[in-house]
Amino acid sequence: MQFTRRTKKVALGSNPELYGHCLQLYGQPPLESVSLVQFETFAVERLKLLKSVENLGVSYVKMSDDYQKKLSTELCSLNFPHRTSRLSYDCKRRKDHISHFILRLAYCQTEDLRRWFIQQEMDLFRYRFSILSAKYKTEFLHRNNLKYDTISIEEKKTLKDELINSSYGISGATIAEQEFYRVPFQDALDLVRLRKVFLQVGYAYIPHQDIVTIVLNDFRTRLSKALALTARSLPAVQSDERLQPLLNHLSHAYVGQDYSFQKNIGKVSLEQIDPLSTTSFPLCMRQLHKALREQHHLRHGGRMQYGLFLKGVGLTLEQALQFWRAEFVKGKVDSEKFDKAYAYSIRHMFGKEGKRTDYTPYSCMKVILSNPPSQGDYHGCPFRHSDPELLKQKLQSYKISPGGLVQILDLVKGMHYQLACQKYFELTHSVEDAGFSLNHPNQYFTESQKLLGGGKEVKKEVEPPQRGQEIAGSNAQSAPTQSPKVQALDKMGDLESFFLDE
């Protein structure tokens, strides 16, 4: 794939072999040129789609009516293909193809990332394959050399009793309408193990609704091998200075609202922080606040995470300096040392020193995936980084019900850390459904304040000026020399150097 500064127009129908079907196994990488802006936009929008797939998979029974309805809505809103009509779909299919390969580059780097990517892509593939008609499923199989042919009407009549007895949900009244595939039994071992198919002379007879199991196994195997190969080739791609920062951070990119604007500037007083920490702070920030109050100090990882969160909540620079100074001088840091070692970094965080950049509070993905805490640290995500038993004790101390505790720990065990935090929100706010997908600690605070305030958000006192730093892909109509996301990430790295302990 080539990358250019200018957007390349692609003629519809220019690649009938590659985009002749609405679904593919992504065996052939894209060979055309794309602009850096389009590269970034495609990546962010597919990441949004996969995040939605993950959230829906935990919130609903997979492939239930509600699950399919909501996933269909997401595919439409993000302009990805999921129906069989060819009309005006080549652009969507091209986007689907290119965006998949971009995220391969970002998610091949570690075992955890590969596992997450494979699972979400499989769930997305399962849905898209399942809604195809029998005709398009057969066409898909043939296009991808999965030559599993349907059996003839005569053979179906001959094996009628065996097929009814071995296949779930099929009766004598419905078998005439049901398609069966004849597949080598070694390709259907999962179904054979579950005794869900009829076996004869080395072949498994698979009903129409179960062929997705065979195709999914093939898709998983291909994708797993492809990610391993991509990981080996990654150093060559990362040598491109245009892509390296984006790929390194895309795996934990935040694609929601930007909380660096101080919408509620000055609306939170220092006296409110203690009660707010117990009612409206996510667990990660509640943990940091408690540690700061008890030990009168936080190491640089904790100061970064908590300081930017408080800035996003609405503390002014003067309030922040007063807050941190008052707490640190209770410990081993006197006022003179605080002014020399810590005050500059706080002013820098507020854009009053150095490059005078407005820095962004950490998203959930950044908290979860970057800078894991070590001994003596309190930053990070408690659902990701805490020992399960210690997490359980902490939640019990916060009066989480036994049933809720089980739900949270099950989500943690399944590595759904943001969903575990969302469940914590629901339990601590006594609501059945939070009504949002949690992606940011400041989003947690904002939604909590809306709920506790009867649906009213804190009024704005100052309307902030428009900042140059935007969410990735939001200004895709112009092609900057460096993407806003990459600029923001570079600036954040510069900020971290000011927070290091002596």
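Here are a few notes on the annotated cysteines and one glutamine in this predicted model.

1. Start with the record. An unreviewed UniProt entry carries a "binding site" annotation on Cys-284, Cys-364, Cys-381 and Cys-421. These positions span 138 residues in sequence, but no two of their C-alpha atoms are more than 9.8 Å apart, so they gather at one spot.

2. Cys-364 sits in helix H17, which runs over residues 364-369. Its relative accessibility is 10%, and because buried means under 20%, Cys-364 counts as buried. Setting aside residues up to four places away in sequence, Cys-364 touches Gln-418, along with a run of partners made up of Leu-438, Asn-439, His-440 and Pro-441.

3. Cys-381 isn't placed in a helix: look for this cysteine in the loop between H17 and helix H18 (382-385). Cys-381 comes out buried too, at 10% relative accessibility. With neighbours within four places in sequence left out, the contacts of Cys-381 are Val-367, Ile-368, Ser-386 and Tyr-417. Two of these, Val-367 and Ile-368, fall in the 364-369 stretch of H17.

4. Gln-422 is worth a look as well. You'll find Gln-422 in helix H21, residues 417-428, and with a relative accessible area of 10% this glutamine is buried. Beyond neighbours within four places in sequence, Gln-422 is in contact with Ala-434, Phe-436, Ser-437 and Leu-438.

5. A link to check on screen: Leu-438 is on the contact list of Cys-364 and also on that of Gln-422. Helix H21 covers 417-428, so to speak the home of Tyr-417, a contact of Cys-381, and of Gln-418, a contact of Cys-364.

Technical notes. Residues numbered from 1 in each chain as written. Predicted model: local features only at pLDDT ≥ 70, side-chain atom pairs only at ≥ 80, totals over all residues. Heavy atoms only, no water. UniProt positions renumbered as here; feature names shortened; annotations may be inferred. Helix = DSSP H or I, 4+ residues; strand = E, 2+ residues; numbered from the N terminus. Buried < 20%, exposed > 50% of the residue type's maximum accessible area, 1.4 Å probe, protein only. Contact = heavy atoms within 4.5 Å.
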